[in-house]
Amino acid sequence: MFVQIKETAMKEKILEILEKYPEGKPEYLIAILQDIQEAMGYLSREAMEAVSRHTSLTPAKVFGVATFYNQFRFKPLGKYHIQVCRGTACHVLGSATVLEHLEKLIGIKAGDTTRDGLFSLEVVACLGACGLAPVVTVNNVFYASVDQQKIEEIIKTCRHEQNALVEQ
C-alpha cells in the first residue's frame, strides 16, 4: 500500500513539473530533467518516459542526453549520500584506501545504494577542498583528513542516528 501511494505521489510530482513547460518543446529537456531530479533525487525510467512523451523526443534521445551529463543520476540516493574525492591532493593523501575501506564497511561499490536505502556512494573528481585532503562528504557536510578510522566513525555515527530515529 505504501509503495503504491509513494508511486502515485511521484507521478503527480512529475506531471506538476512537466506542466511548467510547453508540450512538444525539446529545448526544455535539460531543464525538465534537472527539475525532476531535484524533486525526486534521481531520474527514474518512468520519469524519462514521461519526459519523452512531453517533449516529443524518443526515449533513446532523452536517455542519451541524460547519460551524457554526469549531473544526472538514475538510482535513488541513500539517506546518507557519501562522496569520496579522488582529486590529486586527495589521491596522493590516501583517498583510494579510504574508498576501498568504505566500500567494505557499507557493502557497496561506488555508484550504488545499499539495499536498505541508508547509504549511497559516489566518487567525485574534486570537491574543491584540497587543503583538507583527503575529503569525504556526507549529505554535503565536509569531513577533512579522512582515514580508515575516521570513515569508520562517520559510518558509525550515521547508523547510530538512523537507529535513534527508528526507535522514536
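These are my notes on what I looked up in a predicted model.

**Nonpolar cores**

I began with the largest nonpolar core, which has 21 residues. L29, L33, I36, L43, V51 and V62 have the most contacts inside it. I then asked which elements give two or more residues to this core. They are α1 (2-18), α2 (29-40), α3 and α4. The most comes from α2, with five residues.

I took L33 as one residue to follow through its contacts. Leaving out residues up to four places away in sequence, I find that L33 touches L43, M48, V51, V62, A66 and F72. I also noted a second, separate core of 18 residues. Among its members are I108, V146, I154 and I155.

**Helix α3 and the residue after it**

Helix α3 covers residues 45-55. I listed its buried residues as A47, M48, A50, V51, S52, H54 and T55. For reading such a list I keep in mind that an α-helix has 3.6 residues a turn, so residues three or four places apart point the same way. Two of the buried residues, M48 and V51, are also on the contact list of L33.

S56 follows α3 and is found in the loop between α3 and α4 (59-68). Its phi is positive, near 65 degrees, and S56 is not a glycine. Is S56 buried or exposed? S56 counts as exposed because its relative accessible area is 59%, and the cut-off for exposed is over 50%.

**Other backbone entries**

I looked for a second positive phi outside glycine and recorded S145, at about 50 degrees. S145 lies in the loop between β4 (141-143) and α7 (148-167). With a relative accessibility of 47%, S145 is partly exposed.

I also recorded a cis peptide bond between A133 and P134, with omega about -10 degrees. P134 sits in the loop between β2 and β3 (136-138).

**Aromatic pairs**

How many aromatic pairs are there? I count four aromatic pairs, and I wrote down two of them, F68 with Y69 and Y80 with F119.

The ring centres of F68 and Y69 are 4.9 Å apart and their planes stand at 85 degrees, so I entered this pair as edge-to-face. F68 is exposed, with 64% relative accessible area. Y69, at 33%, is partly exposed.

Y80 and F119 make a tilted pair, with 5.9 Å from centre to centre and 35 degrees between the planes. Y80 is in strand β1 (residues 80-85) and F119 in strand β2, so to speak of where they stand in the chain, they are 39 residues apart and the pair links distant parts of it. Y80 is buried at 5% relative accessible area, and F119 is buried at 1%.

**Largest pocket**

I closed with the largest pocket, which holds about 320 Å³ of space. Of the 17 residues that line this pocket, N70, F72, R73, G111 and E122 are the closest to its centre. F72 had already come up as a contact of L33.

Which strand gives the largest share of the lining? That is β2 (residues 119-124), with four residues. By type, I divided the lining into seven nonpolar, six polar and four charged residues.

Terms used
Residues numbered from 1 in each chain as written. Predicted model: local features only at pLDDT ≥ 70, side-chain atom pairs only at ≥ 80, totals over all residues. Heavy atoms only, no water. Buried < 20%, exposed > 50% of the residue type's maximum accessible area, 1.4 Å probe, protein only. 1 Å grid on protein atoms, 1.4 Å probe; cavity = no way out; pocket = protein on both sides within 12 Å on 5 of 7 lines; lining within 4 Å. Points joined across faces, edges and corners; volume = space filled by probe spheres on them. Nonpolar A, V, L, I, M, F, W, Y, C, P; charged D, E, K, R; others polar. Phe/Tyr/Trp six-rings, centres within 6.5 Å; stacked < 30°, edge-to-face > 60°. Core = buried A, V, L, I, M, F, W, Y, C linked by side-chain atoms within 4.5 Å. Contact = heavy atoms within 4.5 Å.
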